[in-house]
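Please look over the sequence and the structure shown here before reading the notes that come after them.

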Amino acid sequence: MTIKLKENERLDELQRNGYRIIQNPEKFCFGMDAVLLSGFARAREGDKVLDLGTGTGIIPILMAAKTKAFHFTGLEIQAESADMARRSVALNGLEERISVAEGDIKEAGTLFGAASFDVITCNPPYMIGQHGLTNPDTPKAVARHEILCTLEDVVGQAAKLLCPGGNFFMVHRPFRLAEIIALLCRYKLEPKRMQLVYPFIDKEPNMVLIEANRGGKPRMRVEKPLIVYKEPGVYMPEIHEIYGY
């Protein structure tokens, strides 16, 4: 299928099933965190999956390539990003498996109905308040800062939308790990699996991947660290495997 690109848009290869994605570097492009989350998250055959704050649809598209989940829904508040996501879905011939809804994460529970998804994923804004914020109206600021939703909004809506026994997968920053675990427990999403991501073996972690289960029993497995670079510009084998090349 031929999709017409708009001003400043480009097509990027995803190295999975020949899939491509439309992005606008002037607005926002997906990062490694989204790719790592798509590799960390799990979905079984027949599952219904929701991606909160889907941006240009990177996580549903990658998970459609990697899993046998029945259907993916991406929720995105920014109209331009939602439009790019829909066109990427059409470009890859995934209309039967992926739909994109435009709406607010804070209203997700009313948009979709309670207990309507088996799996929920989210790559939320990481930064609190005004830290490093230059222009609160730009798409990049909305993606990186808690301007339109907070961590509690994300966790609270995930708890409403997950079926009993359903799983929530999120990527975030380690400096907020205590807050993340406290919120998950408050909303009855039991932390079950965690993996810290390190840029280099001798550096501090800069990402955390976490899985929680709605109504699960207390017991969390901490997986071995994920190291991104062997040396500057050279990925570790595990990263090549996640990216698909």
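This report takes up one pocket, one helix that contributes to its lining, and the packing of that helix against another.

## The second largest pocket

In this predicted model, the second largest pocket holds about 270 Å³ of space. Its lining is made up of Leu36, Gly39, Phe40, Arg193, Gln195, Leu209, Glu223, Lys224, Leu226, Glu238, Glu241 and Ile242, and by residue class these divide into five nonpolar, two polar and five charged.

At least two lining residues come from each of α1 (32–40), β8 (189–198) and α8 (237–243).

## Helix α1 and its burial

Helix α1 is largely enclosed by the rest of the structure, because eight of its nine residues are buried, which here means under 20% relative accessible area. Those buried residues are Met32, Asp33, Ala34, Val35, Leu36, Leu37, Ser38 and Phe40. Leu36 and Phe40, both on this buried list, are also among the residues that line the second largest pocket.

## Packing of α1 against α2

Helix α1 packs with helix α2, which covers residues 58–66, at an angle of about 35°, and the two axes lie 9 Å apart; the crossing of these helices is right-handed.

On the α1 side the contact involves Ala34, Val35, Leu37, Ser38 and Gly39, which meet Ile58, Ile59, Leu62, Met63 and Lys66 of α2. Taken together, the residues of this contact divide into seven nonpolar, two polar and one charged. Gly39 of α1 takes part in the contact with α2 and also belongs to the lining of the second largest pocket.

Note on methods
Residues are numbered from 1 along each chain as its sequence is written. This is a predicted model: local features need pLDDT of at least 70, side-chain atom pairs count only at pLDDT 80 or more; totals for chains, interfaces and linings use all residues. Side-chain values use heavy atoms; hydrogens and water are left out. On a 1 Å grid over the protein atoms alone, a cavity is a set of points where a 1.4 Å probe fits but cannot get out, and a pocket is an open set with protein on both sides within 12 Å along at least five of seven lines; lining residues have an atom within 4 Å of a point. Grid points are joined across faces, edges and corners, and a volume is the space filled by probe spheres set on the points. Helices (H or I, at least four residues) and strands (E, at least two) are DSSP runs, numbered from the N terminus. Ala, Val, Leu, Ile, Met, Phe, Trp, Tyr, Cys and Pro count as nonpolar, Asp, Glu, Lys and Arg as charged, and the others, Gly among them, as polar. Buried means under 20% relative accessible area, exposed over 50%, partly exposed in between (1.4 Å probe, protein chains only). Axes are lines fitted to C-alpha atoms, for helices over the stretch in contact, and angles run from 0 to 180 degrees between N-to-C directions. A crossing is left-handed if the near helix is turned anticlockwise from the far one by less than a right angle, and right-handed if clockwise. Contact means heavy atoms within 4.5 Å.
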